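Here are some exercises to work through with the model open beside you. Try each task before you read its solution.

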2 protein chains.
Amino acid sequence: MPRPKGFDPTEVLDAAVGTFWQKGYAATSAQDLVDRTGLGRGSLYNTFSSKQQLFKESLRRYEETSATRVEEMLVAPGTIRERVRRVLMDVVHDEMDASATHRGCLAVNAALELGGVDDEITAGVRHNFERVENAFHAEFAAARQAGEIGAGRDPRALARFTLAAMYGLRVLGKTADRQALTQVVETTIEAF
Amino acid sequence: MPRPKGFDPTEVLDAAVGTFWQKGYAATSAQDLVDRTGLGRGSLYNTFSSKQQLFKESLRRYEETSATRVEEMLVAPGTIRERVRRVLMDVVHDEMDASATHRGCLAVNAALELGGVDDEITAGVRHNFERVENAFHAEFAAARQAGEIGAGRDPRALARFTLAAMYGLRVLGKTADRQALTQVVETTIEAF
DNA sequence: CTCGTTCTTTAACGACCATTCCACAACCGA
DNA sequence: TCGGTTGTGGAATGGTCGTTAAAGAACGAG
């Protein structure tokens, strides 16, 4: 009975993700979103009820693609060290990629800009972080079973440690060069 | 001959630091700065010529106090592991302190909000990071001389690794609990 | 074809943005 | 005490902010 939407909501959401990712939450205006999505202001506000709501959905959408990427890289063939190295070096390459225009990681950006300010967004960020932490944890637990890492190591602690290193790379990536980041990756791997 | 300023510029700068620290650059308005510093708009713009310039000076002022704090903690008595633990646990306590209203670290916040956007600010952030990295490096180099850590270890790599862990804690601190952060600290210390 | 519903477009809203200007106050050297 | 210079406080700037209102277009069900 009603008129159907004239656009693909997922495509629009991806455009919003790209905008927030590049500029941050506060620095993104409604006009930026209108320009980037191609929708009219009315359609935008009719579909997503506010800038804040749109950001929350963008964070969810971002998690779908980014956390899945980490999960896939972690279950690829190789030793635990090789697989973790691939994930961390993927971050290094992303940070060094000029065409990525210093976007970093949307979840990390949101954590620092809005962590503790907006509860729902903080919860979204936490969900994102925990999903990646759990992916690391599963692999460390299996690696310990397989004897790849010491029996005395705590897989949960290692997962959190690796997560911290990963996000530390995101921070240092804003100012450091590739060699410095690579040293961090190698020192992290050696710690297992 | 001219009329002298009726305020202490350093006090005003500290007030500005507190404002940017708590709210971020984009989310801080000129009105916020007027309210917090107690100056009139005219005096503010007469002393610091723009919001951006004031932020740059705030970043410098922040480095004075925060980097000095790390340097002092690192030269206090104790083994290298004890001293680094104190620095990292200081970050953990800061992140968990409710009264700190989730400010985090101004340099890290600036890195993620403005890194790669404004060149001068990026340079200011880099200066801040390198100063802390160098403080770590000096201690690791001395500790290797003293036989506290293996002769085969690279002090520069260890310094960068520790820096990444420290900033990783700043990110995870927005969502994780004290126990998780403490696990990260201990795992980091064990890696030396 | 018509009706009911939803989508789309555009104009407009009041609030607030960073910044500038200006009249006036305060100080110092003479 | 007075002149020169700078600091001060606040009104005013044009522009942009996030959001809403309103009017018409497009669709599916009957």
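**Exercise 1: the core**

Which residues of the largest nonpolar core touch the most other members? Bear in mind that this is a predicted model.

*Solution.* Start with the core itself, which holds 105 residues. Those that touch the most other members are A:Ala107, A:Leu169 and A:Leu172, together with B:Ala107, B:Leu169 and B:Leu172.

Next, pick A:Leu169 and set aside its neighbours within four places in sequence. Within chain A, its contacts are A:Leu88, A:Val91, A:Val92, A:Glu95, A:Leu181 and A:Val184. In chain B, A:Leu169 is in contact with B:Ala164.

**Exercise 2: where the two chains meet**

Describe the contact between chains A and B, beginning with the residues each one supplies.

*Solution.* Chain A puts 36 residues into the contact, and chain B puts in 36 residues. On the chain A side, at least two residues come from each of α6 (106-114), α7 (119-145), α8 (155-172) and α9 (178-190). Of these, α8(A) has the largest share, 12 residues. Sorted by class, the chain A side has 20 nonpolar, 12 polar and 4 charged residues.

**Exercise 3: the symmetry**

Work out how chain A is related to chain B, and whether the contact reflects that relation.

*Solution.* Begin with the general idea: two copies of a chain are related by a rotation about an axis and a shift along it.

Now put in the values. Chain A superposes on chain B after a rotation of 180° with 0.0 Å of shift along the axis, at an RMSD of 0.1 Å. This is the relation of a two-fold axis.

To find the axis in the model, look for A:Gly168: its C-alpha is 2.0 Å from the rotation axis, the closest approach of any residue of chain A.

Finally, compare the two sides of the contact. Of the interface residues of chain A, 100% are also interface residues in chain B, so the copies meet through the same surface.

**Exercise 4: the two DNA strands**

Map the protein surface near DNA strand C, then do the same for DNA strand D.

*Solution.* Take DNA strand C to begin with. It is surrounded by 25 residues, the closest being A:Pro2, A:Gly6, A:Gly42, B:Arg3 and B:Ser29. Two or more residues come from α3 (41-47) of chain A, and likewise from α2 (30-37), α3 (41-47) and α4 (51-74) of chain B. The most come from α3(A), with 4 residues. By class, this surface has 9 nonpolar, 10 polar and 6 charged residues.

Then turn to DNA strand D, which 25 residues surround. The closest are A:Ser29, B:Pro2, B:Gly6, B:Gly40 and B:Gly42. Here α2 (30-37), α3 and α4 (51-74) of chain A, and α3 of chain B, each supply at least two residues. The top contributor is α3(B), with 4 residues. The classes for DNA strand D are 9 nonpolar, 10 polar and 6 charged residues.

**Exercise 5: two residues of chain B**

Is B:Met73 buried, partly exposed or exposed? Place B:Thr47 on the same scale.

*Solution.* B:Met73 lies in helix α4 of chain B. A buried residue needs 20 or more other C-beta atoms within 10 Å, and an exposed one has 12 or fewer. B:Met73 has 17, so it is partly exposed. Beyond its neighbours within four places in sequence, B:Met73 is in contact with B:Arg83, B:Arg86, B:Val87 and B:Asp90.

B:Thr47 belongs to helix α3 of chain B. With 17 C-beta neighbours inside 10 Å, B:Thr47 counts as partly exposed.

How values were computed. Residues numbered from 1 in each chain as written. Chains lettered and ligands numbered in written order. Predicted model: local features only at pLDDT ≥ 70, side-chain atom pairs only at ≥ 80, totals over all residues. Near = placed C-beta within 6 Å. Nonpolar A, V, L, I, M, F, W, Y, C, P; charged D, E, K, R; others polar. Core = buried A, V, L, I, M, F, W, Y, C linked by C-beta atoms within 7 Å. Contact = placed C-beta atoms within 7 Å. Least-squares fit on C-alpha atoms with pLDDT ≥ 70 in both.
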